[in-house]
Amino acid sequence: MRNTITHVLLFIIMLVIHSTGYSSTLIVDDSFTKLENLSPYISSFKTSEEIDELNVSSEQLSTLESNPLRFTIEDADYWLIFDVMNRGINTKTLVLHFDNPMIDKLLVYDSAKQDLPPYLLGDSISNLTTKMYAFPYYQFSLAPNEQRSFLINVVTAGAPSPAVSLLTTEAFQNKQHDVYLLWGIFLGVCLVMMLYNFVLYFSIKDIAYLYYVGYVFFVILVASIIDGFGFIFFPEELQITLNALIIPLQTFVALTAMLFAMAFLRISENETFLYKTGQIFIWILGIFLFASILLREDIAANIFMPLQLFLYFYCFAASYIRIREGYNWAIFYLISWIPFFIGAALSPALLVGLLDYSFAVRQSFIIGAMLEISLISFALAYRFRANEQEKDYMAFHDEVTGLPNLKLLQKSIHSLIEDQRSFTLILFEPEKINTIRITLGMESTKLLMLEFTEHLTKYLENTVNMYQFEEKPVAQHICKTDDATFGLILTETYDDSTADFMTLIIKEAFATKSRVGNIEMTMNVNIGASRYPHHSDSFEDVYQKAFQALHHAKEYDIPFIMYNDSEHTNYQMQVEMLSDLMAAIKDNTLELYHQPVISYEDYSVVGSEVLLRWHHKTQGYINPIEIVQLTEDTGVISALTNWIINQAIVQFDALRAQGFNQTMFINISAKDLASDGFVQNIVDKLSKNEIDPGKIVLELTESIMLDDYENILSVVNKLERYNVRVAIDDYGTGHASLQNLTIIPFYSFKIARTFISKIEQSERKQVIVKNTISMAQQLGSSAVALGVETKATEAVLKEYGCKFGQGYLYCKPVALNKYIEWLQHYSSHL
């Protein structure tokens, strides 16, 4: 009864308002076969002055230009009031379609059904049909000359506009058909793109593809809410839940879009501002994601809007930077945002009442998203092709100078050999390049190399009979075979005058002053060469012999050396030695000896340094320094290091089984630090064998820091993150700068035995060692004295605060079984 009275009162109010002349009347005539895209102007129920009029002629249905009431996203509760009149001679069946499935509640009051409760629609209403959720509508019939009044109450916390249109039943069915078709195309495009890029991710391991798949997935979910097709494909309860989570899901879209943008545009830690800004924004989106679940929808939506604008700005700015850098594939990414930006603006603008209703505008989000997804896939494909081309280019060119590299040199020499053309390979290298790196730093040294390369290119411009590695983008006659070695090929007959001429050109080029910052420099070079077919019959031979000649030129400080066959014997011996060493690694016939490290606090054994030993079948004991030098020179150091680490882990387990869970010190090479995956390889091995990383200390020689300080710092920091400690070995014998030592977080300094031996007899040694111990302590490290042989030496070290010692005083290096026996004996006498 109470509801009936309420309904009657509402219609009385409506009729009073209409009687004052402020009604909106829609007149239906027989001439109309399709009445769609008619949006009655929204009016407030508070005062009659705010109701807008619609004038209708007998030939055309149209609306007056007016200022309808606009809405923002907020908690809304308002009314729509309008009349519909049929002036035709036939009964009309019409449909009021409310094209906003996110509306919480719609109450439709029909003047022809005053005694009935309102017709309920909206995603908060239970037990509606799937069609009613996806396409909220109210169907009614109008007899000839019948006028019917409607009062519609809209209650929602989200987008307030119901986007209402008046349609014939046929037009409504056609509209549904068009929407279904559009949804099908949209879902088909999205699913194909997701599957395709998911496969690409697993094949090339580029995280951008995975972010893109996630982005498309969340776009589908958001579109299913905005356009209502989720009610067709998902269970009713799930879709209603998703509707309530529209802002968190839109935040997921923004989050995956941001992650994809940073991965796609290769925004790395080197681009400090751009990278940090992106990371901070990702964190902000992540925090807001969780907050938006708790916030009311209208509040969350108003916070999300500026975040979305910042996302667009960031992506446009980052794309612009990449385009300026010459990455043309970023253009397609930038273009892909345009349809999405338009769709993402138009559809919400309609649903908040800022735009009048039309089918195209209503579906603009899906259309824009579909175009964007397709364009991004095109951008990904273009980027993939560009990446492959870049990989091909980088595979044959030096990263710093852009010159042809060793691979292209090899390819070129193979081509010359196939054509049976004689040639001379010349290799040259600037003198004292490591010293220059330490003095100027890595970046300045790179710039210096680039300048000298440009000088040499100019000097060689008019030189005839030089092999051209490539024609585009410029003719290139110089290659760069490794970090500081350059090469070129002469295709004319070699004689002494040719050698003198080329030596003069190369030396003149490097003698030309180059400026780095405020420093002007010139450089000397050493040159080595070999001939084909005079000295060799393959690329490997001609290159190896040219490199040997260069090595001898550096060793004897001679400007130019042509390879000499008489020096080949020593090379052959090295090859045989290397072959025997590789066999020893494979057969596991190398050995690791242990020498204990003693704590001076309680004389306990804190660990042991593992030392390589090799007894050659014919040459007997081989010095470990020679072994390491041989493997570094020939590029097989990683195989030796891998054997040492594996064997050290086996012996660590053996010691642990005997109750000796102590630290193990393992020597590694500079070449190990430069190898890809070195850190992860060690960490994986320790994890697999359940060894605490804190029990492993890797030892680097001080001279390593001459080679690549920046790389060492990076690797040491990575190891520190995994709790693998790093010590500097034989401190005092190299040339490490004090600045480097203050930056690199070394666990300990192992003072070279040169300074420890007979220290009690040398005041100079005492000063050096005392200051080194003090420095180590102030840097948060510890000092380990190597070569402790007498109690007198030990006493001096303890007096200066040295914490640890290692040497013959305690135990000489011994094999594992002997070391275990020594440990058992030593422990029993502590």
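Helix 20 passes helix 22 in a right-handed crossing, meaning that the near helix is turned clockwise from the far one by less than a right angle. Helix 20 covers residues 637-657 and helix 22 covers residues 678-688; their axes come within 11 Å and cross at roughly 20°. Axes here are lines fitted to C-alpha atoms, for helices over the stretch in contact, and angles run from 0 to 180 degrees between N-to-C directions. Helix 20 is therefore roughly parallel to helix 22, a label given to angles under 35 degrees.

If you would like to find this contact (heavy atoms within 4.5 Å), look for Asn642, Ile645, Asn646 and Ile649 on helix 20 and for Asn681, Ile682, Lys685 and Leu686 on helix 22. These residues divide into 4 nonpolar, 3 polar and 1 charged. In this scheme Ala, Val, Leu, Ile, Met, Phe, Trp, Tyr, Cys and Pro are nonpolar, Asp, Glu, Lys and Arg are charged, and the others, Gly among them, are polar.

A word on the model itself: it is predicted, with local features needing pLDDT of at least 70 and side-chain atom pairs counting only at pLDDT 80 or more, while totals for chains, interfaces and linings use all residues. Residues are numbered from 1 along each chain as its sequence is written, and side-chain values use heavy atoms, leaving out hydrogens and water. Helices (H or I, at least four residues) and strands (E, at least two) are DSSP runs, numbered from the N terminus.

Now turn to the sheet. It is open and mixed, with 5 strands in the order 10-11-9-14-15; two strands pair if DSSP finds at least two bridges between them. Strand 10 (479-480) and strand 15 (560-562) each have a single partner strand, so one side of each is left without a neighbour in the sheet. Strand 10 joins strand 11 (residues 486-490) in the antiparallel sense through 2 bridges, and Cys479 has Gly487 as its bridge partner.

Strand 9 is antiparallel to strand 14 over 8 bridges, with Glu429 opposite Asn526. Strand 9 also pairs with strand 11 in the antiparallel sense, over 5 bridges, and there Phe428 stands opposite Phe486.

How many residues of strand 9 are buried? The count is 8 of its 8, where buried means under 20% relative accessible area (1.4 Å probe, protein chains only). One side carries Phe423, Leu425, Leu427 and Glu429, the other Thr424, Ile426, Phe428 and Pro430. In a regular strand, side chains alternate between the two faces of the sheet.

Finally, helix 17 (residues 539-555) lies across strand 9, strand 14 and strand 15, at about 150° to strand 14.

Note on methods:
Buried < 20%, exposed > 50% of the residue type's maximum accessible area, 1.4 Å probe, protein only. Parallel < 35°, antiparallel > 145°, perpendicular 65-115°, else oblique.
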